[in-house]
Amino acid sequence: MTLEFLVEDGECRTLEQYLRREKQISRRLLVRLKHTPGGICCNGAPIRTVDLVKPGDHIVLTEPETGAGAVVPAAQPVPVAGETAHYVVYDKPPGMPVHPSQGHHQDTLANVFAAGYPGLPFRPVYRLDRDTSGLCLAAKSAYCAAFLQGKIQKRYLALVCGRLTQGGTITAPIGREEGSVIRRCVRPDGKPAVTHYTPLSWNEAYTLVSLTLETGRTHQIRVHMASIGFPLAGDDLYGGSTRTYSRHMLHCAAVTFPDPETGQTVHLTSPFADAPLL
């Protein structure tokens with residue numbers, strides 16, 4: 001993967017200062033680039049990270065090749081919501097894990113990525129539960145993965161059991177439930193977790209809710225909504241009714257993030273196709 005930057009106006013600084021402060025190149029990647037022949041060039045010639053850069057300089061970084069690991073390529077029809085040379089955003093269907101695991105070796109998003117981008121390691125910037133559908137962003141380079149950390153805003157849609165007519169914020173720590181390796185619960189010694197929710201429409205049985213998170217704990221939306229008496233429809237792990245739905249009804253409907261190359265805001269959306277019109 002090749003990254004190119006044109007140095008704009010600014011104070012006198014070294015190449016390392018420019019890359020670390022202004023382009024968010026991680027220290028680990030910079031070390032790898034230093035040890036890669038032709039890894040760092042300025043105006044077509046090799047340059048040291050201690051050398052000064054000036055406006056108009058053309059910086060080219062060539063990331064060293066890394067192995068893609070043992071993920072088996074397996075092409076499957078997963079829609080792509082957005083893509084550049086630096087990232088791809090899949091519209092993941094429910095029932096598809098993000099990573100391979102026991103019992104899921106060739107039916108994951110990692111397998112789809114391996115088939116589409118041979119030789120590139122799979123770097124999802126965040127993960128979704130197997131039965132959570134919607135937008136899932138994967139970086140095509142170590143630079144992109146590091147650049148996007150902490151810069152992605154996601155909005156979820158969920159169908160919850162019951163008639164919920166008022167929005168609010170849930171601030172409740174989440175931890176592992178005693179005796180279980182899967183279930184989480186609200187507990188005083190858990191990790192801080194904050195969920196904002198807004199009901200959009202409802203009937204006597206279900207409510208369609210829009211949610212945004214300030215934290216990203218495992219099963220956060222599922223645990224928080226169950227904790228206030230409105231578990232997700234189909235979520236038998238946390239008390240949701242499975243009478244109508246066979247999977248928990250959660251969908252990543254929108255993502256917003258800065259483009260790693262241009263800095264411009266990218267906003268992508270995905271309709272919650274499985275949700276009913278209430």
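Two strands pair if DSSP finds at least two bridges between them. Helices (H or I, at least four residues) and strands (E, at least two) are DSSP runs, numbered from the N terminus. The model is a predicted one, in which local features need pLDDT of at least 70 and side-chain atom pairs count only at pLDDT 80 or more, while totals for chains, interfaces and linings use all residues. Residues are numbered from 1 along each chain as its sequence is written, and side-chain values use heavy atoms, with hydrogens and water left out.

**Stop 1: strand β8**

Select residues 87-92, which form β8; five of its six residues are buried (under 20% relative accessible area, 1.4 Å probe, protein chains only). Now add residues 133-139, strand β10: β10 and β8 are antiparallel and share six bridges. Tyr87 has Ala139 in β10 as its bridge partner. Next add residues 80-83, strand β7, which is antiparallel to β8 and joined to it by three bridges. Here Glu83 lies opposite Val88 of β8. β7 and β8 make a hairpin, with three residues between the strands.

**Stop 2: helices α1 and α2**

Select residues 15-22 (α1) and 27-34 (α2). Their axes come within 10 Å and cross at roughly 140°; axes are lines fitted to C-alpha atoms, for helices over the stretch in contact, and angles run from 0 to 180 degrees between N-to-C directions. Show the side chains of Glu16, Leu19 and Arg20 in α1, which meet Arg27, Leu30 and Lys34 in α2; contact means heavy atoms within 4.5 Å. By class, this contact has two nonpolar, no polar and four charged residues. Nonpolar covers Ala, Val, Leu, Ile, Met, Phe, Trp, Tyr, Cys and Pro, charged covers Asp, Glu, Lys and Arg, and polar the others, Gly among them.

**Stop 3: two loop residues**

Between α1 and α2, pick Gln24 in the loop. Its phi is near 55°, a positive value in a residue other than glycine. Most residues other than glycine have a negative phi. Gln24 is partly exposed, at 30% relative accessible area. Then go to Asn43, in the loop between β3 (40-42) and β4 (45-46). Phi of Asn43 is also positive, near 55°, and this residue is partly exposed at 46% relative accessibility. Partly exposed lies between buried and exposed, the latter being over 50%.

**Stop 4: the nonpolar core**

Finally, select Ile59, Met225 and Phe257, which touch the most other members of the 62-residue largest nonpolar core. Such a core is a set of buried Ala, Val, Leu, Ile, Met, Phe, Trp, Tyr and Cys residues joined through side-chain atoms within 4.5 Å. Beyond its neighbours within four places in sequence, Met225 contacts Val160, Leu164, Ile170, Tyr197, Leu211, Phe230, Pro231 and Leu232.
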